[in-house]
Amino acid sequence: MRTEATPTYRPLVTACAEHGISRSVAFELAKSGLLETFTIGTRRYVYLDSLRTLPERLAAEAAKAA
């Protein structure tokens, strides 16, 4: 019996679009290190855990800056 594993990563633009993040903002977040990404060939992927915890990490950075 085989169970389906949930994916741990998705294409950056697709995953971010599903969360309401534009393509340009997605690449800015990746460049700044706020999203953990990797590439396979020329395609960039994002770890879904990194995308899920983004709001908490943004709030923590805002609290640090204040």
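Q: Two strands pair if DSSP finds at least two bridges between them. In this predicted model, which residue in strand 3 does tyrosine 9 stand opposite?
A: Strand 1 covers residues 9–11, and strand 3 covers residues 43–47. The two strands pair in the antiparallel sense over three bridges. Across this pairing, tyrosine 9 stands opposite tyrosine 47.

Q: How many helices and how many strands does the protein have?
A: From the N terminus on, the elements run β-α-α-β-β-α-α. The protein thus has four helices and three strands.

Q: What is the order of the strands in the open sheet?
A: Strand 1 and strand 2 are the edge strands, each pairing on one side only. Strand 3 pairs with strand 1 over three bridges, and four bridges join strand 3 to strand 2. The pairing is antiparallel, and the order is 1-3-2.

Q: What does the twist average from one strand to the next?
A: The sheet is open and has three strands with antiparallel pairing. Its edge strands are strand 1 and strand 2. From one strand to the next, the twist averages 35 degrees.

Q: Which residue in the turn of the hairpin formed by strand 2 and strand 3 has a positive phi?
A: Strand 2 spans residues 37–40, and strand 3 spans residues 43–47. The hairpin leaves two residues between these strands. One residue in the turn has a positive phi of about 65 degrees, and that residue is glycine 41.

Q: Which residue is the bridge partner of isoleucine 40 in strand 3?
A: Isoleucine 40 has its place in strand 2. Four bridges join strand 2 to strand 3, and the two run antiparallel. In one of the facing pairs, threonine 37 stands opposite valine 46. The bridge partner of isoleucine 40 is arginine 43.

Q: Is isoleucine 40 buried, partly exposed or exposed?
A: Together with Tyr9 and Tyr47, Ile40 forms a nonpolar patch on the surface, with about 290 Å² of accessible area for the three residues together. Exposed requires over 50% relative accessible area, and buried requires under 20%. Isoleucine 40 has 48% relative accessibility, so the residue counts as partly exposed.

Q: Which residue's side chain meets that of arginine 10 in a salt bridge?
A: In strand 3, the bridge partner of arginine 10 is valine 46. Arginine 10 has a relative accessible area of 26% and is therefore partly exposed. The side chain of arginine 10 takes part in a salt bridge of 3.2 Å, N to O. The residue on the other side of that salt bridge is glutamate 18.

Q: How many residues apart are aspartate 49 and arginine 52 in helix 3?
A: The structure holds two salt bridges. In one of them, the side chains of aspartate 49 and arginine 52 meet at 2.8 Å, N to O. Aspartate 49 counts as exposed because its relative accessibility is 55%. Both residues lie in helix 3, about one turn of the helix from each other, and the separation is three residues.

Q: Why does serine 50 count as buried?
A: Serine 50 lies in helix 3, residues 48–52. Leaving aside its neighbours within four places in sequence, serine 50 is in contact with Leu34, Leu35, Glu36 and Arg57. Buried means under 20% relative accessible area. Serine 50 meets that limit because its relative accessibility is 4%.

Q: What share of the 66 residues of the protein count as buried?
A: The C-alpha trace spans about 50 × 30 × 20 Å along its principal axes. The accessible surface comes to about 5000 Å², of which 55% belongs to carbon and sulfur atoms. Of the 66 residues, the share that count as buried is 24%.

Q: Of the contacts with a separation of 6 or more, what percentage do residues 24 or more positions apart account for?
A: The sheet brings strand 1 and strand 3 into antiparallel pairing, with tyrosine 9 opposite tyrosine 47. Over the protein, residues 24 or more positions apart account for a share of the contacts with a separation of 6 or more, and that share is 48%.

Conventions:
Residues numbered from 1 in each chain as written. Predicted model: local features only at pLDDT ≥ 70, side-chain atom pairs only at ≥ 80, totals over all residues. Heavy atoms only, no water. Patch = residues over 30% accessible without salt bridge, like charges linked within 9 Å, V, L, I, M, F, W, Y side chains within 5 Å. Areas by Shrake-Rupley, 256 points an atom, 1.4 Å probe, with all protein chains shown as cover. Salt bridge = Lys/Arg side-chain N within 4 Å of Asp/Glu carboxyl O. Buried < 20%, exposed > 50% of the residue type's maximum accessible area, 1.4 Å probe, protein only. Contact = heavy atoms within 4.5 Å. Axes fitted to C-alpha atoms, helices over the stretch in contact; angles between N-to-C directions.
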